[in-house]
Amino acid sequence: MLYLMELWESIRDFLATGGDVLYIVMGVLFLMWVLMIERYWYLTGAFPKLRNEIIAKWDARKDTTSWYAHRIREAWISEANDKLNARILLIKTCVALCPLVGLLGTVTGMISVFEIMAVQGTGNPRLMASGISMATIPTMAGMVAALSGMFFATRLESKVRRAKEGLVDSLPHH
């Protein structure tokens, strides 16, 4: 319990040092990870059931060679593809937003430094240090968030592509 209290205090200190923009980075990061976890859950839990249903419906058809049968096959593959790719664009948008929000923190931190310099002058480096922290920490946090999201989003896209290809291969057209 003491360890959790210390961890919470260090997180709170980090957020306070980085400024309010870190809360926005944290919000975008949280949304991105919720969406990625949901997509991984869909790929491993719900999609295999849908895939098996589509394969069963295709295998139950008597006609798999006509033009009409091929359009039905393409429609089923397209529907499955839409479900597989749901929210992928939103995940990529969150990945792209993280460093931009971090740069917003840089700008607000530098504005704080310039305000301190205008009021106090350049003689007190301690006052400027808090603004510099507010300028650098959100940028770093945004970059780290984007890197983690980019790695997992790329893996997720690869899994989605393989799942679609597996479905296409499971529906032979003669």
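1. Helix axes are here lines fitted to C-alpha atoms over the stretch in contact, and the angle between two of them, taken between N-to-C directions, runs from 0 to 180 degrees. With that in mind, and remembering that this is a predicted model, the packing of the helices can be read as follows.

2. Helix H2 (residues 21-60) packs against helix H3 (residues 67-84) with the axes 10 Å apart and at an angle of about 170°; since angles over 145 degrees count as roughly antiparallel, H2 is therefore roughly antiparallel to H3.

3. On the H2 side, this contact is made by Arg39, Tyr42, Leu43, Phe47, Leu50, Ile54, Lys57 and Trp58, while H3 contributes Ala69, Arg73, Trp76, Ala80, Lys83 and Leu84. Sorted by class, the contact of H2 with H3 holds 10 nonpolar and four charged residues, with no polar ones.

4. The axes of H1 and H2 come within 7 Å and cross at roughly 120°, and the two helices are therefore oblique to each other. Phe14, Leu15 and Gly18 of H1 meet Leu22, Tyr23 and Met26 of H2 in this contact, which by class comprises five nonpolar residues, one polar residue and no charged residues.

5. A nonpolar patch on the surface is formed by Met1, Leu2, Tyr3, Leu4, Met5, Leu7, Trp8 and Ile11, which together have about 960 Å² of accessible area. Of these patch residues, Trp8 is found in helix H1, which spans residues 2-18.

Technical notes
Residues numbered from 1 in each chain as written. Predicted model: local features only at pLDDT ≥ 70, side-chain atom pairs only at ≥ 80, totals over all residues. Heavy atoms only, no water. Patch = residues over 30% accessible without salt bridge, like charges linked within 9 Å, V, L, I, M, F, W, Y side chains within 5 Å. Areas by Shrake-Rupley, 256 points an atom, 1.4 Å probe, with all protein chains shown as cover. Salt bridge = Lys/Arg side-chain N within 4 Å of Asp/Glu carboxyl O. Helix = DSSP H or I, 4+ residues; strand = E, 2+ residues; numbered from the N terminus. Parallel < 35°, antiparallel > 145°, perpendicular 65-115°, else oblique. Contact = heavy atoms within 4.5 Å. Nonpolar A, V, L, I, M, F, W, Y, C, P; charged D, E, K, R; others polar.
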